[in-house]
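Trainee: Please take me closely through one part of this structure, residue by residue, and then connect it to the rest of the chain. I would like to know what each residue touches and how far it is covered.

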Amino acid sequence: MLKVMREQITSEPQQSRPRPYDVVALVLQGGGALGAYQAGVYEGLHEAGIRPNWLAGISIGALNAAIIAGSPEAERVGRLREFWETICACPVGWPAGEGLGDALPFAFDLRSLQNTFAAMRALFHGQPGFFKPRFPSPFWSPFSGDAATSLYDTSPLSQTLERLVDFDRLNSGEVRVSVGAVNVRTGNLTYFDTAERRLTPKHFMASGALPPAFPAVEIEGEHYWDGGVAWNTPLSRVLSGEPGETLTFQVDLWSARGRVPHDMMEVSSRQKDIQYSSRTRAITDQALRMQKMRRALQRTIEKLPESAKQDPEIRAIADMARHSSHNIIHLIYQSKTYEGQSKDYEFGLSAMRAHWQSGLEDIRRTLAEPRRLDVPPPELGIVTHDVHRRD
């Protein structure tokens, strides 16, 4: 009987080491400013010597994937940091810059106020190297197209990607990259994959084109929005890959679990968490059904005479039915008490560094238990380690 096993455990730091897998995947969810958490997780993987050979991302996860895959191995963490320091920089003259909490002599926690100002700054002024407000407003624009259908111009992001990402390296095949976007006309989720085509800045910008803030991106005559509009986690893309042994680090930015809201602000925040959280159990249940089908096909083929096994169609079925196992390390960012419904667009340096550090600490604690990286035994089809912060 194939099984899905889930656990929640903590442990003291120990030396971690990578395990032999056919695929080591890094799955990165969408979540705006919370994406710095994913960068921290990657830094921890990098320092542990774990090098993913498949990156799957949506929205901000796609942008993080572009930086990682499009950078020399030794420069990946540095370029991630440069990307986040760039898009979270505070414009000169903004009245509530970084360091506000240290400058004011109050005894209470000012992080909530600081994050609120960062969100307001993003709304009214945009973010350097990322997006800028449109003028005139799309509600008053005499033009059609992007100017009339989005609040912000994302051309600064295109320039940032061109500067920080080597797209020849990204498309070299060294690392497979898959990014999800929604076709605006059909409403279908589409994956742009280096295994199938050459990816450009447009493909990553399409994956992060969240309406109505950002404009749809035209690619080959079709227009695309943020993949999170339809499905915010590309785990199914990895699980539907070729049979074999796969280790997947799934890094989510929204938690499906949470308390019942106490006020309207918490209602909005909780609604976002539920809307954009992963449907990991549904995805793994589907993968489990596929595992059972493979096992049934294997047993059926074993009963065939040797002459029948040489038939090209039977051999093709046997190849599809070969053993497959998945070890999923699932990390989920846990919101802080001082974060509200604007947490995904609080692009402040202090918040970004706190998210990054949380991701780094979480993956270090995860890797401190080396048995989490073990290849699942044949009787276990899928093993999921659910790792949650407790603070």
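Mentor: Setting aside residues up to four places away in sequence, Ser 325 touches Gly 244, Glu 245, Thr 246, Gln 291, Val 375, Pro 376 and Gly 381. The model is a predicted one, and in it Ser 325 has its place in strand 11, where a relative accessible area of 0% makes the residue buried, because the limit for that class is under 20%. One of its partners, Gln 291, falls within the range of helix 12, which runs over residues 280-302.

Helix 12 also has a side to show at the surface. Met 290 is found in this helix and, with a relative accessible area of 34%, is partly exposed. Together with Met 293, Leu 297 and Ile 317, Met 290 forms a nonpolar patch on the surface, and the four residues have about 300 Å² of accessible area together. Helix 12 gives the most to this patch, contributing three residues. In general, an α-helix has 3.6 residues a turn, so residues three or four places apart point the same way.

From strand 11, which covers residues 325-332, the chain goes on to helix 15 (349-367), and the loop between these two elements holds Asp 344. Asp 344 is buried, with a relative accessible area of 14%, and its side chain makes a polar contact of 2.7 Å with the side chain of Lys 272. Leaving out residues up to four places away in sequence, Asp 344 touches Gly 31, Gly 32, Ala 33, Leu 34 and Trp 254 as well as Lys 272.

Gly 30, the residue that precedes that glycine pair in the numbering, is one of the residues touched by Ser 59, along with Ser 207, Gly 208 and Asp 226, again not counting residues up to four places away in sequence. Ser 59 and Asp 226 are the residues covered by the annotation "active site" in an unreviewed UniProt entry. Although they are spread over 168 residues of sequence, they cluster in space, with a largest C-alpha distance of 5.9 Å. Their side chains make a polar contact with each other at 2.6 Å. Ser 59 is found in the loop between strand 3 (54-58) and helix 2 (60-69), whereas Asp 226 lies in strand 9, which covers residues 222-226. Both count as buried, Ser 59 at 11% relative accessibility and Asp 226 at 2%. Apart from neighbours within four places in sequence, the contacts of Asp 226 include Ile 58, Val 182, Ala 206, Ala 209 and Leu 210. Helix 2, on the other side of Ser 59 from strand 3, is mostly covered, with 10 of its 10 residues buried, among them Ile 60, Asn 64 and Ala 69.

Charged pairs give another view of how separate parts of the chain meet, and a search of the whole structure finds 20 salt bridges. In one of them Glu 82 pairs with Arg 163, the closest N and O atoms being 2.6 Å apart. Because Glu 82 lies in helix 3 (residues 76-87) and Arg 163 in helix 7 (residues 155-164), the pair ties together parts that are 81 residues apart in sequence. Glu 82 is partly exposed at a relative accessible area of 36%, and Arg 163 also counts as partly exposed, at 45%.

Elsewhere, the side chains of Asp 193 and Arg 176 meet in a salt bridge of 2.8 Å, N to O. This pair links distant parts of the chain, since Asp 193 is in strand 7 (residues 189-193) and Arg 176 in strand 6 (residues 176-183), 17 residues apart. Asp 193 is buried, with a relative accessible area of 0%, while Arg 176 is partly exposed at 27%. Arg 237 also forms a salt bridge with Asp 193, with the closest N and O atoms 3.0 Å apart; here helix 10 (residues 235-239), which holds Arg 237, is linked to strand 7 across 44 residues. Arg 176, Asp 193, Glu 196 and Arg 237 are linked in a network of salt bridges.

The setting for these details is a chain with 15 helices and 12 strands, in which buried residues make up 52% of the 391 residues. Among contacts between residues at least 6 apart in sequence, 75% join residues at least 24 apart.

Definitions and conventions:
Residues numbered from 1 in each chain as written. Predicted model: local features only at pLDDT ≥ 70, side-chain atom pairs only at ≥ 80, totals over all residues. Heavy atoms only, no water. Helix = DSSP H or I, 4+ residues; strand = E, 2+ residues; numbered from the N terminus. Buried < 20%, exposed > 50% of the residue type's maximum accessible area, 1.4 Å probe, protein only. Contact = heavy atoms within 4.5 Å. Patch = residues over 30% accessible without salt bridge, like charges linked within 9 Å, V, L, I, M, F, W, Y side chains within 5 Å. Areas by Shrake-Rupley, 256 points an atom, 1.4 Å probe, with all protein chains shown as cover. UniProt positions renumbered as here; feature names shortened; annotations may be inferred. Polar contact = N/O pair within 3.5 Å; in protein donor to acceptor, adjacent residues only side chain to side chain.
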